[in-house]
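I opened this entry to look up confidence, core packing and helix contacts. My notes follow in the order in which I checked them.

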Amino acid sequence: MKCYYHESKEGVGTCKGCGKSLCKSCIDKYESGLCESCEGKRLKKEEDEVLNQKNELKRQANYNVEVAKKQLKKTIIKSVIFGVIGIFIGADSGNIGNIILFMYLFAALPWGWSFVKNAIDTGEWAFMAVLTNSIWLFVFGVVLKFVLAFLIGIFVMPISIIKAILNFKNAKNVEKDINDL
Ligand SMILES: [Zn+2]
Ligand SMILES: [Zn+2]
């Protein structure tokens, strides 16, 4: 049998893909032991797989960003509402320092709350409360969470805002990194 690609040359083997007869130089051409057209198809398939993986990574990254954005939006809205409540409470004293202090403390509460929510699994707590039929355990859990949120919020609010800004900046780079893979 002559080589499929070179009519003048004798075939020394066959393509592992399609079984075409190939000469020595054609057999040695690709490490895969495939003929020109099968090797092309194999490469195309490989490229498609990489492309699919990249798209999947991008889709996941976009989804994560969207979720983070939604959560951030909710926290910001709550923070503004609580901040306004704080202003009203502080305004009672007629002291500008108190107004700012209460505004900050209240605005920080939702940030602390979402931090505590992520850090403590209250599902277990609620389950325990139901199991032991103890409303007080449940109330204690909620109060503890609230106090923690209040204390932690003071510190967490500025950190969370800076982190969020950095994260969104990062998200833009992630897309570039995926493309460069
Ligand atoms: Zn082939
Ligand atoms: Zn050949």
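I began with confidence, since this is a predicted model: the protein averages a pLDDT of 89, and 98% of the residues score at least 70. I then looked up the extremes and found the lowest confidence in helix 4 (residues 122-131), with a mean of 72, while strand 2 (residues 21-22) has the highest, at 96.

Next I turned to the largest nonpolar core, which has 13 residues, and noted that Phe106, Ala107, Ala108 and Leu109 are the ones that touch the most other members. Helix 3 (96-119) and helix 5 (135-180) each supply at least two residues of this core, and the largest share, 10 residues, comes from helix 3.

I looked up Leu109 separately: leaving aside residues up to four places away in sequence, Leu109 touches Phe82, Ala149, Phe150 and Gly153. I also recorded another core, apart from the largest one, that has eight residues, including Cys3, Leu22, Cys26 and Leu34.

How do the axes of helix 3 and helix 5 cross? They come within 5 Å and cross at roughly 100°; because angles of 65 to 115 degrees count as roughly perpendicular, I entered helix 3 as roughly perpendicular to helix 5.

For the residues that make this contact, I listed from helix 3, among others, Leu105, Trp111, Trp113, Phe115 and Val116, and from helix 5, among others, Lys145, Leu148, Ile152, Ile154, Val156, Met157 and Ser160. Sorted by character, the residues of the contact of helix 3 with helix 5 divide into 15 nonpolar, three polar and one charged.

Notes:
Residues are numbered from 1 along each chain as its sequence is written. Chains are lettered from A and ligands numbered from 1 in the order in which they are written. This is a predicted model: local features need pLDDT of at least 70, side-chain atom pairs count only at pLDDT 80 or more; totals for chains, interfaces and linings use all residues. pLDDT is the predictor's confidence in each residue, from 0 to 100. Helices (H or I, at least four residues) and strands (E, at least two) are DSSP runs, numbered from the N terminus. A nonpolar core is a set of buried Ala, Val, Leu, Ile, Met, Phe, Trp, Tyr and Cys residues joined through C-beta atoms within 7 Å. A residue is buried if 20 or more other C-beta atoms lie within 10 Å of its own, exposed if 12 or fewer, and partly exposed in between; C-beta atoms are placed from the backbone. Two residues are in contact if their C-beta atoms, placed from the backbone, lie within 7 Å. Axes are lines fitted to C-alpha atoms, for helices over the stretch in contact, and angles run from 0 to 180 degrees between N-to-C directions. Angles under 35 degrees count as roughly parallel, over 145 as roughly antiparallel, 65 to 115 as roughly perpendicular and the rest as oblique. Ala, Val, Leu, Ile, Met, Phe, Trp, Tyr, Cys and Pro count as nonpolar, Asp, Glu, Lys and Arg as charged, and the others, Gly among them, as polar.
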